[in-house]
Amino acid sequence: MNSDYDLDKPIEAKVGLRQGLTSYGDAHFSLFLRKVFIKALGYSEKSLEKPIIGIVNTFSGFNPCHANVPQLIEAVKRGVHLNGGLAVEFPTISIHESFSSPTSMYLRNLTRCDKTTVAQLMGGLSANKPILHLVTGPMMTGKFKGVRIGACTDCRNNWAKFRVGEIDIEDISAINEDLAPTGGTCGVMGTASTMACVLVGLVLMPFAGATAAAVSSARLRVAEKTGGNAVKLCQQSESLRPQTLLTREAFLNAITVLQAIGGSTNVVVHLMAIIGRHPSVSGTITLETFNEIGSKTPLLVDLKPSGSNYMTDFHDPGGMLSLLHKLKPLLHLDALTTTGLTLGQELAKAAPMSLPQELSCIQPFDKPLYAKSSLVVLKGNLALGGAVNKASASKRRELLNHIGHAVIFKNSIDLTERIDDPDLDVNPDDILVLQNIGPVGNPGMPEAGIIPIPRKLSTKGVSDMIRISDGRMSGTAGGTIVLHVSPEAANPSSVLGIVQSGDTISLDVEARTLNVDITEEEILRRQEDRKEAMTKE
Ligand code: FES
Ligand code: MG
């Protein structure tokens, strides 16, 4: 007799049916019906008694960053089954940045290569189901004429060289073949790698989970372990659901990691969105928090675009485990992890790798790659709601404290049409300003904030200028670039929308300020003129 259908017995939570919730008003019938249909897939009563672990399959033939997902899923299933669970996979959409227009940010909640983890964590937090992450891992590096290359910092560096004629069309074609030599996520500290490290900081992944290469056996072992961990997590108490587990302190740890790795500017936007999904943490962490933590946190990981190495080099000296050990004085070690132990207890169980400094891209505290605040949030009359800059990726450090004249581009089309015009009135100390690529102005806030250096200057050796916009840039990009200016230019009350060529702009990263030298009256006058012009349109 199957006691599930005994009408005198209270129904148990099983086969995904939650206690007290029925689809048909009759709990026993709801369970009965669920079993009818799940059995159509061939599951036996015995397998349905096991904890069911859902595995989100992000594979897509259009997404090379997730090329290894089928093998990873096999390994996760092995881990689940070895530990007494039932693995059931289901699909989600995964979109690649390069194949989405104007930007995949528009579709973040549908997920993609470097936003997949973000979307999934947002979903997990809202659903408040026990969740663990498994990322696909970084791709390997390639080589061109003996020099290591990797997506996508070197995509940009080499393209910049090609634009000024430093390398020819044959070379750039050959480089194109080997920039992304394997599947996996971009091999530098781009947004995908940053999110992976942040997820380890939140302890939603094993320590090796951020850095093991996509094509390595280590990555498959991380996957198997994740499957096993998922079964154990299911059997643990309610306190390990994401809304309880991810406390304010856990997110502060994540921001410490972000600063210590010289992470992507995009992750400031993503973390704020993730935190916004958390009923009790939302509102307790602001952009200012990123500055507070930054001011105490040195950049310790020497990776492109701030430094010179690749993600696989970060894995070699112990990756996130070694880094978290170094960061212990700055972390909230009592933050709970998905194992039920605290972060401090987990770190105590696993010693960092010890090896000579010259073999490691993880810098010691007293010899950081960048003293502190790799990412800064700026405020001033040009960005009343804030703007973000990755100071550690500046290629002309003197520009971090600079006053210059604005050269304005109204939108990305205007930029494309004029940036390489030999008659463009611009010199290396000017400040390039691109308007209207914010969330509303160019829906989705594309990664167009890395404004190219005007060709007439780059051919003379200018490799960096201050560039300001309300858009984003790839985490793999570098330069003195101010992004996410808020309010965005499309907002009639913004100052970014009324800045004109020739205005004097001052950037002071140390003071965290971004101002334009025009009077309050002049700002109001221009805003009024603009509103009037807009009503006439
Ligand atoms: Fe997918 Fe960079 S393009 S991670
Ligand atoms: Mg990206």
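**Notebook: strands, helices and odd backbone spots**

**Entry 1, a pair of strands.** I began at Ile 408, which stands opposite Val 433 in strand β8. I keep in mind throughout that this is a predicted model. Looking along the strand that holds Ile 408, I found that β7 and β8 (residues 431–434) pair in the parallel sense over four bridges. Strand β7, which covers residues 401–409, also pairs with strand β11 (residues 504–508), but in the antiparallel sense and over five bridges. In that second pairing, I noted Asn 401 opposite Asp 508 of β11.

**Entry 2, the whole chain.** I then stepped back and found 18 helices and twelve strands in the chain. The C-alpha trace spans about 85 × 60 × 45 Å along its principal axes. I checked the radius of gyration as well: a compact globule of 537 residues would have a value near 24 Å, and the 25 Å of this chain agrees with that. I found that 49% of the 537 residues count as buried. Among contacts between residues at least 6 apart in sequence, 74% join residues at least 24 apart.

**Entry 3, the largest nonpolar core.** Which residues touch the most other members of the largest nonpolar core? I looked through its 140 residues and found that they are Val 76, Val 198, Val 200, Phe 251, Ala 254, Val 301 and Val 482. Helix α10, residues 248–260, gives the most to this core, with eight residues. As a general reminder to myself, nonpolar side chains tend to be buried together in soluble globular proteins.

**Entry 4, around Val 76 and Leu 134.** I followed Val 76 further and, leaving aside its neighbours within four places in sequence, found it in contact with Ile 55, Ala 87, Leu 134, Ala 223, Glu 224, Thr 226 and Gly 227. Leu 134 caught my attention in that list, since I could place it in the loop between α4 (116–127) and β3 (142–144). Is Leu 134 buried or exposed? It counts as buried, because it has 30 C-beta neighbours inside 10 Å, and the cut-off for a buried residue is 20 or more. With neighbours within four places again left aside, the contacts of Leu 134 include Leu 72, Met 205, Gly 209 and Val 222. Leu 134 and Val 222 are 88 residues apart in sequence, yet I read 8.0 Å between their C-alpha atoms.

**Entry 5, helix α8 and what it packs against.** Ala 223 and Thr 226 are among the contacts of Leu 134, and both are also among the buried residues of helix α8. This helix, residues 217–235, has 19 residues and reaches 28 Å from its first C-alpha to its last, close to the 27 Å expected at 1.5 Å a residue. Where do the buried residues of α8 pack? I found them against β1 (52–57), α3 (69–82) and β2 (86–91). Those three elements, β1, α3 and β2, make a right-handed β-α-β unit. Its two strands, β1 and β2, pair in the parallel sense over six bridges, and I noted Val 88 of β2 as the bridge partner of Gly 54.

**Entry 6, an enclosed helix.** I looked next at helix α11, residues 266–276, where eight of the eleven residues are buried, so the helix is largely enclosed by the rest of the structure. The buried residues I wrote down are Asn 266, Val 267, Val 268, Val 269, His 270, Leu 271, Ile 274 and Ile 275.

**Entry 7, backbone exceptions.** I searched last for departures from the usual backbone, keeping in mind that most residues other than glycine have a negative phi, and most peptide bonds are trans. A cis peptide bond joins Ala 151 and Cys 152, with omega at about -5 degrees, and Cys 152 has its place in the loop between β4 (147–149) and α5 (153–163). I found another cis bond from Ser 486 to Pro 487, with omega near 0 degrees; Pro 487 sits in the loop between β10 (481–486) and β11.

For positive phi, I noted Lys 145, at about 50 degrees although it is not a glycine, in the loop between β3 and β4. Lys 145 counts as exposed, because it has 9 C-beta neighbours inside 10 Å. Asn 436, with phi near 65 degrees, lies in the loop between β8 and α17 (455–458). Asn 436 is buried, with 22 other C-beta atoms within 10 Å.

Technical notes
Residues numbered from 1 in each chain as written. Chains lettered and ligands numbered in written order. Predicted model: local features only at pLDDT ≥ 70, side-chain atom pairs only at ≥ 80, totals over all residues. Buried ≥ 20, exposed ≤ 12 C-beta atoms within 10 Å, placed from the backbone. Pairing = 2+ DSSP bridges. Rg over C-alpha atoms; globule rule 2.2 N^0.38 Å. Contact = placed C-beta atoms within 7 Å. Core = buried A, V, L, I, M, F, W, Y, C linked by C-beta atoms within 7 Å. Expected span 1.5 Å × (residues − 1). Right-handed = clockwise from strand over helix to strand, strands pointing away.
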